[in-house]
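Reader: I should be grateful for a close look at a single part of this structure. Please choose one residue, describe its surroundings, and then follow the chain outward from there.

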Amino acid sequence: MDDQSQDKVRLDKWLWAARFFKTRALAKAAIEGGKVHIDGQRAKPSKEVTVGIQLVIRQGRDEKTVVIKKLSEQRRGASEAVHLYQETEDSIAQREKKAEERKAANLTRPSLDHRPSKKQRRQIHRFKEQNL
């Protein structure tokens, strides 16, 4: 089938073709796990999508809201896959904000580059014994 002649494509195939998931099995598992929503509703892997539908895709800590621009059943290079959808401005802003919050939270966490030395362990034990 030619990409331009398609009217509908299965959701799991489209997600795989758009490179959101490495395999169709992973796409199917994510859909069944409630990680993909179509226009605010939970979807099934066999749901046929069309151009203009809005998807909310949760991957790890990130959540993307995308609008389908083109349909494809074939997986191609990443440079071609980005033309299949357009992420909303609000979604991009929220992802960047959450990423910055995570970075800020990591900066406040003490870095554990190494284990305590013997002297430091003694100091820790003394401190704990004194504060019982």
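**A helix residue and its surroundings**

Author: Not counting residues up to four places away in sequence, Ile31 touches Leu11, Asp12, Leu15, Val36, Ala43, Lys44 and Pro45. The model under discussion is predicted. Ile31 itself belongs to helix α2, which spans residues 24-32. Its relative accessibility is 0%, and because buried means under 20% relative accessible area, Ile31 counts as buried. One of its contacts, Lys44, stands 13 residues away along the chain, yet the C-alpha atoms of Ile31 and Lys44 are separated by 6.3 Å.

Ile31 shares its burial with other members of the helix: the buried residues of α2 are Ala27, Ala30 and Ile31. Viewed down the axis of α2, these buried residues fall within an arc of 100 degrees, so they line one face of the helix. The elements that cover the buried residues of α2 include α1 (11-17) and β2 (36-38). The contacts of Ile31 include Leu11 and Leu15 as well as Val36. Just after α2, Gly34 adopts a positive phi of about 80 degrees.

A positive phi also appears further along the chain, in the turn of a hairpin. Strands β5 and β6 form this hairpin with two residues between them, and Gly60 in the turn has a positive phi of about 65 degrees. The two strands, β5 at residues 54-59 and β6 at residues 62-68, run antiparallel and are joined by six bridges. Within this pairing, Ile57 has Lys64 in β6 as its bridge partner.

Strand β6 also pairs with β7 (residues 85-87), in the antiparallel sense and over three bridges. Here the bridge partner of Val66 is Glu87 in β7. As a general point, the side chains of a regular strand alternate between the two faces of the sheet.

Beyond β6, the loop that leads to α3 (78-81) contains Ser72. Is this residue buried or exposed? At 2% relative accessibility, Ser72 counts as buried, because the cut-off for burial is under 20%. A polar atom of the Ser72 side chain lies 3.0 Å from the backbone oxygen of Gln74.

To return to the starting point, Ile31 is buried at 0% relative accessibility, and its helix has α1 and β2 among the elements that cover its buried residues.

Notes
Residues numbered from 1 in each chain as written. Predicted model: local features only at pLDDT ≥ 70, side-chain atom pairs only at ≥ 80, totals over all residues. Heavy atoms only, no water. Pairing = 2+ DSSP bridges. Helix = DSSP H or I, 4+ residues; strand = E, 2+ residues; numbered from the N terminus. Buried < 20%, exposed > 50% of the residue type's maximum accessible area, 1.4 Å probe, protein only. Polar contact = N/O pair within 3.5 Å; in protein donor to acceptor, adjacent residues only side chain to side chain. Contact = heavy atoms within 4.5 Å. Arc of directions from axis to C-beta.
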